[in-house]
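Reader: I should like to go through this model and ask, for each label, what justifies it. Please set each value against its criterion.

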Amino acid sequence: MAQTVAGSFQSVNGQVQIQRTGGATIGAASGVGVNVGDRVITGPNGHAVIILNDQSRLELGPASSITLDQFTITGGATATRVSLFSGVMRSLVNAASGGAPADYQVHTPNAVAAVRGTKFDTAYSENVIRPGYQGCEKYTDVSVYQGTVNLAPLGAPNSGEDVHAGYEATLPCDKPPTDAGPLSMTGAVSLESANAGGASFAGAAPGSSAAPVPACPVCVNMTTVVTGH
């Protein structure tokens with residue numbers, strides 16, 4: 001079946017691969033199209049920027065993996081769903097025609113980020129040991145630059161906490177999110193910290209007390225509902 005073209009790569013640095021629906025794997029490059037169903041994987045030093053057909057922008061940091069699950073435009077309104085399996089992705093969501101908010105969601109193995117016209121980073125990792133979170137090896141970090149993100153455990157989506165522009169928060173395992181703190185001040189992983197090598201997306205063996213503590217951990221276990229301003 002023909003694939004739906006959802007956008008294309010604006011820029012690619014380092015190792016970046018596309019796994020097409022049906023099993024073919026190709027190298028990504030500037031100008032190469034991205035289809036619904038494609039999985040995009042960046043290497044340890046990889047970085048990619050994807051521009052969707054509604055001009056929304058997805059920026060992938062190193063050691064990241066996403067799948068573009070849905071991209072539809074109906075009557076000028078766009079519906080987008082992206083799954084983030086590892087690493088960090090910055091989303092810059094473009095408003096629909098007439099200024100209506102786009103229907104944009106980021107799904108992780110333990111969370112949903114429902115976005116309404118905002119700019120934010122979502123980072124996910126597992127098997128990472130972080131001090132202060134006994135027995136937890138999964139985290140979601142959200143850093144908000146525009147709009148407001150409601151961060152909640154996946155199992156209790158109505159018990160979330162708003163994270164406003166200029167702040168970041170972490171949700172460990174299925175626990176409530178931490179209190180929001182100023183950007184770059186709580187240890188939450190952002191695209192900048194990942195690009196600078198300060199984020200660790202691969203932890204040591206689960207339960208290993210000797211595992212090194214990542215400078216800026218990442219992980220997901222929440223539902224994130226975002227409302228733009």
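Author: Let us begin with a residue in a loop. The model is a predicted one, and in it S184 has a relative accessible area of 67%.

Reader: Why is S184 called exposed or buried, whichever applies?

Author: The term exposed requires a relative accessible area over 50%. S184 has 67%, so S184 is exposed. The residue lies in the loop between β17 and α1. Its phi is near 70°, a positive value in a residue other than glycine.

Reader: What makes N127 partly exposed?

Author: Partly exposed covers the range between the limits of under 20% for buried and over 50% for exposed. The relative accessible area of N127 is 33%, so N127 belongs to that range. N127 is found in the loop between β12 and β13, and N127 has a positive phi of about 60° although it is not a glycine.

Reader: How do you know whether S193 is buried or exposed?

Author: Buried means under 20% relative accessible area. S193 has 14%, and therefore S193 is buried. Its place is in helix α1, residues 191-195.

Reader: What makes the approach of the S193 side chain to S190 a polar contact?

Author: The cut-off for a pair of N or O atoms is 3.5 Å. The side chain of S193 reaches the backbone nitrogen of S190 at 2.9 Å, so the distance is within that cut-off.

Reader: How do you know that C136 and C173 form a disulfide?

Author: The criterion is a pair of cysteine sulfur atoms within 2.5 Å. For C136 and C173 the S to S distance is 2.2 Å, so the pair satisfies the criterion. By this rule the count comes to one disulfide.

Reader: Why is the disulfide of C136 and C173 given a handedness, and which one?

Author: The torsion about its S-S bond is about 110°, and the disulfide is therefore right-handed. The pair links distant parts of the chain, 37 residues apart. C136 is in the loop between β12 (119-126) and β13 (138-146), and C173 is in the loop between β16 (167-172) and β17 (181-182). Both cysteines, C136 and C173, are buried.

Reader: Which residues of the largest nonpolar core touch the most other members?

Author: That core has 34 residues, and those touching the most other members are F9, I50, L58, I66, M89, Y104 and F120. Apart from it lies another core, of five residues, among them V88, A123, L191 and A194.

Reader: Which residues does L58 touch, beyond those up to four places away in sequence?

Author: L58 touches A48, V49, I50, L52, I66, V82, M89, R90, S91 and Y104. Contact here means heavy atoms within 4.5 Å.

Reader: What makes the enclosed space a cavity rather than a pocket?

Author: A cavity is a set of points where a 1.4 Å probe fits but cannot get out, whereas a pocket is an open set. The structure holds one cavity of 30 Å³ or more, and the largest cavity has a volume of about 30 Å³. Its lining consists of V34, D38, V40, I50, L58, I66, T67 and L68. Strand β8 (residues 65-74) gives the largest share of that lining, three residues.

Reader: How many helices and strands does the protein have, and how many of its residues are buried, as a percentage?

Author: The protein has one helix and 18 strands. Of its 229 residues, 48% are buried. Among contacts between residues at least 6 apart in sequence, 56% join residues at least 24 apart.

Notes:
Residues are numbered from 1 along each chain as its sequence is written. This is a predicted model: local features need pLDDT of at least 70, side-chain atom pairs count only at pLDDT 80 or more; totals for chains, interfaces and linings use all residues. Side-chain values use heavy atoms; hydrogens and water are left out. Helices (H or I, at least four residues) and strands (E, at least two) are DSSP runs, numbered from the N terminus. Buried means under 20% relative accessible area, exposed over 50%, partly exposed in between (1.4 Å probe, protein chains only). A polar contact is a pair of N or O atoms within 3.5 Å; within protein, one must be able to donate a hydrogen and the other to accept it, and residues adjacent in sequence count only if both atoms are side-chain atoms. A nonpolar core is a set of buried Ala, Val, Leu, Ile, Met, Phe, Trp, Tyr and Cys residues joined through side-chain atoms within 4.5 Å. On a 1 Å grid over the protein atoms alone, a cavity is a set of points where a 1.4 Å probe fits but cannot get out, and a pocket is an open set with protein on both sides within 12 Å along at least five of seven lines; lining residues have an atom within 4 Å of a point. Grid points are joined across faces, edges and corners, and a volume is the space filled by probe spheres set on the points.
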